[in-house]
Amino acid sequence: MSADFTKSVFILIVSTVVVASFSVLVWVLPNILRTPELIDSSKAIPLTALQVAGRDVYISEGCHVCHTQMVRPIEPEVKRYGRASQEPDDIYEFPFLWGSKRTGPDLTNLGRKYSDQWHLIHLINPRDVVPTSIMPAYPWLFEQVLSGDDITEKMITLRFLGVPYSDDEIASARLQVRGKTKGEALIHYLQSLGVDTAEEVRQ
Ligand code: HEC
């Protein structure tokens with residue numbers, strides 16, 4: 001009697017584990033081991049406390065549902081959105097905001113593309129600067145003020161995950177954020193995108 005392996009749940013589980021472990025070994029593990037070297041050689045700068053608060057607004061408003069932050073290294077994407085994404089873009093990203101759907105354009109290289117004033121007008125009503133825009137308006141972002149109450153804990157958690165914040169940066173985080181509107185924080189975050197890593201060369 002020959003064994004029919006396709007009917008054995010046990011063999012299915014064992015072979016899945018073996019294949020998955022192999023992928024981790026050759027693909028994930030080397031990158032984890034390379035992280036310290038990558039951090040040393042990279043120009044990536046951790047977000048300031050206000051930018052961290054802005055990134056949280058970006059997540060809570062679901063901006064990542066329509067916008068990606070991942071330019072693939074292929075010509076049509078690079079021509080359209082600029083420099084392809086590199087590892088240093090994501091060294092301090094917890095969680096990643098690569099996204100999976102582009103209703104709007106990729107924002108990897110957005111920093112400094114427009115003025116703060118442009119972003120202000122665009123967020124309050126996109127149609128005022130891009131008449132055909134289908135992006136939703138976010139006027140309340142400039143009415144809701146941040147208390148900064150939870151920013152210290154967030155910075156401590158980010159440091160725990162590997163972002164090299166100093167004690168001073170953590171101590172001054174609340175003062176930096178308190179009293180700013182959600183929109184101001186968001187614009188600070190948007191203006192930082194891709195600026196520090198703009199010169200990184202793909203290895
Ligand atoms: C329903 C989908 C959708 C959502 C949600 C959305 N956007 Fe957009 N966004 C668009 C579209 C479409 C465009 C292109 C038209 C325009 O510039 O307004 C755009 C354009 C932009 C641009 C200009 C990019 C460029 O390179 O010209 C920025 C910046 C931007 N969005 C930021 C945001 C932020 C921040 C949020 C969250 C507060 C957000 N978007 C939420 C669809 C969306």
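**Two domains, a core and a ligand shell**

Biologist: Into which domains is the protein chain divided, and what distance separates their centres?

Modeller: In this predicted model, the protein chain is divided into domain 1, covering 1–41, and domain 2, covering 44–192. Taken over C-alpha atoms, the centres of domain 1 and domain 2 are separated by 34 Å.

Biologist: How far apart are the end C-alpha atoms of residues 9–29?

Modeller: The UniProt record, an unreviewed entry, places the feature "transmembrane region" at residues 9–29. Over that stretch the chain is 100% helix and 0% strand, and the distance between the end C-alpha atoms is 28 Å.

Biologist: Which helix gives the most to the largest nonpolar core?

Modeller: The largest nonpolar core has 24 residues, and those with the most contacts inside it are Ala-49, Ala-53, Ile-151, Val-177, Ala-185 and Leu-186. At least two residues of this core come from each of helix 2 (49–60), helix 6 (151–161), helix 8 (173–177) and helix 9 (182–192). With six residues, the one that gives the most to this core is helix 2.

Biologist: Which residues does Ala-49 touch, not counting residues up to four places away in sequence?

Modeller: Ala-49 is among the residues with the most contacts inside the largest nonpolar core. Leaving aside residues up to four places away in sequence, Ala-49 touches Ile-151, Met-155, Glu-169, Ala-173, Gln-176 and Val-177.

Biologist: Which helix gives the most to the shell around the ligand?

Modeller: The ligand is surrounded by 21 residues, of which the closest are Cys-63, Cys-66, Gly-104, Ser-133 and Met-135. The elements that give two or more residues to this shell are helix 3 (63–66) and helix 9. With three residues, the one that gives the most is helix 3.

Technical notes
Residues are numbered from 1 along each chain as its sequence is written. This is a predicted model: local features need pLDDT of at least 70, side-chain atom pairs count only at pLDDT 80 or more; totals for chains, interfaces and linings use all residues. Domain bounds come from an automatic or database domain assignment. UniProt positions are given in the numbering used here, feature names are shortened, and annotations may be inferred rather than shown by experiment. Helices (H or I, at least four residues) and strands (E, at least two) are DSSP runs, numbered from the N terminus. A nonpolar core is a set of buried Ala, Val, Leu, Ile, Met, Phe, Trp, Tyr and Cys residues joined through C-beta atoms within 7 Å. A residue is buried if 20 or more other C-beta atoms lie within 10 Å of its own, exposed if 12 or fewer, and partly exposed in between; C-beta atoms are placed from the backbone. Two residues are in contact if their C-beta atoms, placed from the backbone, lie within 7 Å. A residue is near a molecule or strand if its C-beta atom, placed from the backbone, lies within 6 Å of it.
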